[in-house]
Amino acid sequence: MEHFTYKIDVTGTVQGVGFRPFIYALAQRYLVTGTVSNNAKGVVIHLNADTLTLKQFLTAIEYEYPPLATIDTIVCQEIIYQSFDDFQIIQTQAEGTVRVNIPADVSICGECETELFDPSNRRYGYPFITCTNCGVRYSIIYDLPYDRKNTSMQFFQMCKACEEEYNSPLDRRYHAQPIGCYQCGPTLSLWAKNEELRVKNEELLNVASQLLLDGNILAVKGVGGYHLMCDATNEEAITKLRERKHRPTKPFAVMVRDMEMAREFAVISSREEALLSAQERPIVLLQSKGKHTGLPLQVAPNISRIGLFLPYTPLHLLLLHKLNRPLVATSANVTDEPICTNFEDLKKLQGVYDYVLEHDREIVNGCDDSVVMVVNEQQIVLRRARGYAPMSIKLPFTLKQNVLTLGANQKSTIAIGFGNEAILSPHIGDLDSIGSVGYYEKNIETLKRMYHFEPEVIVHDKHPQYESTKYAKGNHKGLLLRDVQHHYAHILGVMAEKNLTGKVFGVAFDGTGLGDDGKLWGGEFMVCDYEGYERVAHLNYFKLLGGAKAIKEPRRVALSLLFDLYGKETLTLKNPTTQAFSATELKNYFLTWKKGLNAPQSSSVGRLFDAVASLLGVCQVMSFEGESGMMLEELYDASVTGYYDFGYEEGVINVLPIIKASLGENDKTVAVSKFFHTLVEMIAVVYAAHKTIPLVLSGGVFQNRVLLELVFEKFPEAMVPNLFPPNDGGIALGQIVNNMEKNND
């Protein structure tokens with residue numbers, strides 16, 4: 001049959017995932033000649049083949065690609081005939097605008113795990129064993145394309161054995177950039193504070209394991225940063241970690257050896273099991289089996305959920321197998337700071353850990369653990385980071401200009417947009433400190449550098465005091481700056497993910513976001529498209545006594561609502577909220593409320609949760625964000641029916657009847673359950689006039705499992721984000737698609 005020459009361009013996540021050796025193997029199978037190489041957009045193949053063989057070759061690419069790869073497009077075209085003697089993998093072609101997806105860090109694969117525990121293998125027990133199908137990626141990349149010289153592995157010279165594997169196209173480790181072994185790869189060390197302990201390499205993990213068994217806290221360097229780890233069955237060690245980290249009640253994540261151990265501590269559905277064992281290895285929030293499992297209640301005080309995850313690096317696997325018990329594994333960071341990624345940063349936590357299990361492979365890009373849960377069989381992402389990020393999303397239209405979006409101030413992420421694609425950064429965190437702002441700026445520079453990206457438009461939140469807004473206005477003079485309203489951006493992000501192009505009915509429930517009227521929104525009902533939105537309903541405004549302090553003190557929000565209901569008479573009432581203040585404080589806050597001093601007005605459902613938690617005596621002061629909502633979840637009783645009345649007139653929902661009814665309820669379980677039902681009824685009442693368009697939900701309040709389950713029960717077709725969090729981690733994507741200059745063809 002006559003042969004022709006074809007050029008095949010493949011885009012997606014096709015670098016650093018074994019794609020070129022996969023193509024090489026296909027070429028051997030189909031006896032074709034040509035070349036394959038990486039380029040700035042992905043992988044390019046030149047092929048001599050007849051038309052039938054070409055068809056088979058393309059089908060094999062589409063359906064047999066490597067496990068870590070994702071394919072966005074395959075474009076094949078006939079070109080001028082070229083002659084090839086054989087099929088070769090040739091050097092990367094780096095020219096052009098970078099459009100290839102950055103590969104994410106993924107867990108150790110089954111083949112490497114088998115070798116890790118095989119005494120006859122030369123990498124037996126090697127804590128950094130890896131191959132093309134697994135291991136570190138994003139966390140070690142300086143630049144694209146993904147070649148060893150562009151990663152922190154450039155500092156490790158391969159030994160002869162590793163080099164042979166690296167250069168053999170049919171080897172599992174062909175061009176596995178993090179390849180190494182005992183002779184040439186990264187090594188571990190053990191430190192007591194700033195002094196390295198003299199421990200033989202072969203004994204190092206045994207010593208570290210014993211230190212954990214003895215109740216010590218170890219800072220363990222992983223993929224995207226350090227964990228603070230201790231024995232999860234040791235109540236004293238957990239209490240010590242809480243005291244040292246000043247973290248009294250926020251739940252700790254627990255790393256377990258395998259699925260068998262995970263089942264000892266939690267009830268796990270098939271969907272949850274699939275997430276636990278997926279290559280991304282997220283922390284999965286599960287139903288705990290309770291106090292009889294052997295885990296102290298201090299792991300996750302006051303709640304019946306537990307965050308479990310499986311070991312995702314060979315180092316973690318080795319530790320868990322030696323210990324044969326679960327480990328608390330929480331991010332090593334100073335409060336309001338990003339995760340520590342080097343020894344110098346870690347020294348800020350010297351008062352927290354006892355020892356450091358260190359390694360000498362540099363973490364170039366910090367990346368926290370991802371957190372997910374399952375509701376209504378859907379994956380709900382609470383923190384999108386290691387394993388899932390950076391992430392590429394195809395847009396429903398093509399942008400005419402390069403766009404940099406700066407997200408919000410909490411749960412911050414950033415994104416870049418070009419063509420019909422958006423690249424979302426991993427979770428960055430709250431921008432509440434100099435360190436966190438510096439880390440935020442580093443993430444921006446990382447995406448710009450890797451994609452050779454220069455923005456033409458900068459998009460930010462409306463709030464002038466957000467650090468992201470300050471960054472936009474202080475660093476991009478001469479560029480077009482635009483702002484997008486916070487809750488509108490929430491809904492737009494879901495629209496972009498779901499590829500919705502018409503109008504939608506958006507419900508945005510969260511804690512805070514600056515509205516167009518200068519007030520703090522958070523209980524919003526909108527009819528939206530990419531061109532704009534109409535705010536069709538919202539909660540009535542109430543005052544936040546003390547401004548930002550009210551965010552951490554539910555009692556302040558509840559007291560304000562009591563003043564709205566009863567005025568000065570509130571000072572004589574006896575209930576959990578008023579009893580949380582002294583008589584002098586009550587009088588002072590009444591004057592503050594009356595005069596509106598440092599008392600911004602809010603329509604936030606997040607703050608309404610806080611108020612109910614205070615009024616029922618569940619939570620008066622929070623030690624971490626979202627604590628009141630978690631505690632209300634615990635009190636929900638599915639057998640309770642009915643909801644509280646609320647006012648609804650001219651687009652304003654009056655919540656005061658809910659407050660009054662909650663106060664009159666003798667059983668707090670009944671009150672909490674009816675409160676959840678009331679929120680769903682609010683959505684039903686407002687949505688009734690707009691049922692011809694899709695219902696889209698977003699905002700941090702929709703991280704509440706009970707509320708989300710009830711909404712899905714009432715509205716099975718409701719849409720929530722599944723690829724990014726409902727919280728402010730999705731704002732950056734929404735900012736990209738608002739009324740941008742775009743091509744609609």
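Here are some notes on this predicted model, going from the whole protein to its sheets, odd backbone spots and internal spaces.

1. **Overall build.** Let's start with the big picture. The protein has 22 helices and 33 strands. Its radius of gyration is 27 Å, close to the 27 Å that the globule rule gives for 745 residues, so the protein is as compact as a globular protein of that length. If you want a feel for the dimensions, the C-alpha trace spans about 90 × 65 × 50 Å along the principal axes.

2. **The five-stranded sheet.** One sheet to look up is an open one of five strands, in the order β4-β1-β3-β2-β5, with mixed pairing. At its edges you'll find β4 and β5 (87-89), each of which pairs on one side only. Ignoring direction, neighbouring strands here are turned by 15° against each other on average.

3. **Inside that sheet.** Take β1 (residues 4-13) and β3 (residues 42-49): they run antiparallel and are joined by seven bridges. For a pair to click on, try Thr 5, which stands opposite Asn 48 in β3. Helix α1 packs on this sheet and touches β1, β2, β3, β4 and β5. The direction of α1 makes about 170° with that of β5.

4. **Just after α1.** Leu 31 deserves a glance. Its phi is near 55°, a positive value in a residue other than glycine. You'll find Leu 31 in the loop between α1 (19-30) and β2 (33-39).

5. **The six-stranded sheet.** Further along the chain there is an open sheet of six strands, ordered β18-β22-β21-β20-β23-β24, and its pairing is mixed. Why do β18 and β24 each have one side without a neighbour in the sheet? Both β18 (391-394) and β24 (480-484) stand at the edges with a single partner strand each, so one side of each is left without a neighbour in the sheet. From one strand to the next, the twist averages 20°.

6. **The β23-β24 end.** Strand β23 (residues 457-461) pairs with β24 in the parallel sense, over five bridges. One bridge to check by eye is that of Asp 461, whose partner in β24 is Val 484. Helix α12 (residues 467-475) lies across β23 and β24, and runs at about 150° to β23.

7. **A cis proline before β18.** Back at the other edge of the six-stranded sheet, look just ahead of β18. A cis peptide bond joins Ala 389 and Pro 390, with omega about 0°. Pro 390 sits in the loop between β17 and β18.

8. **The second largest pocket.** Pro 390 turns up again here. The second largest pocket holds about 640 Å³ of space and has a lining of 32 residues, with Thr 13, Thr 70, Tyr 388, Pro 390 and Met 391 nearest its centre. Which elements give two or more residues to that lining? They are β4 (70-79), β17 (378-383), β18 and α13 (486-498). Strand β18 gives the most, with four residues. By class, the lining divides into 17 nonpolar, nine polar and six charged residues.

9. **The largest cavity.** Now for the enclosed spaces. The structure holds seven cavities of 30 Å³ or more, and the largest has a volume of about 200 Å³. It is lined by 22 residues, and those closest to its centre are Val 136, Val 223, Thr 313, Pro 314 and Arg 361. Helix α9 (residues 314-323) supplies the largest share of this lining, three residues. The lining of the largest cavity has 11 nonpolar, seven polar and four charged residues.

10. **The second largest cavity.** This one brings us back to α1. About 110 Å³ of space lies in the second largest cavity. Of its 16 lining residues, Gly 16, Val 17, Gly 18, Arg 20 and His 175 are the closest to the centre. Helix α1, which also packs on the five-stranded sheet, gives the largest share of the lining, three residues. The class count for the second largest cavity is seven nonpolar, seven polar and two charged.

Conventions
Residues numbered from 1 in each chain as written. Predicted model: local features only at pLDDT ≥ 70, side-chain atom pairs only at ≥ 80, totals over all residues. Heavy atoms only, no water. Pairing = 2+ DSSP bridges. Axes fitted to C-alpha atoms, helices over the stretch in contact; angles between N-to-C directions. Contact = heavy atoms within 4.5 Å. 1 Å grid on protein atoms, 1.4 Å probe; cavity = no way out; pocket = protein on both sides within 12 Å on 5 of 7 lines; lining within 4 Å. Points joined across faces, edges and corners; volume = space filled by probe spheres on them. Nonpolar A, V, L, I, M, F, W, Y, C, P; charged D, E, K, R; others polar. Rg over C-alpha atoms; globule rule 2.2 N^0.38 Å.
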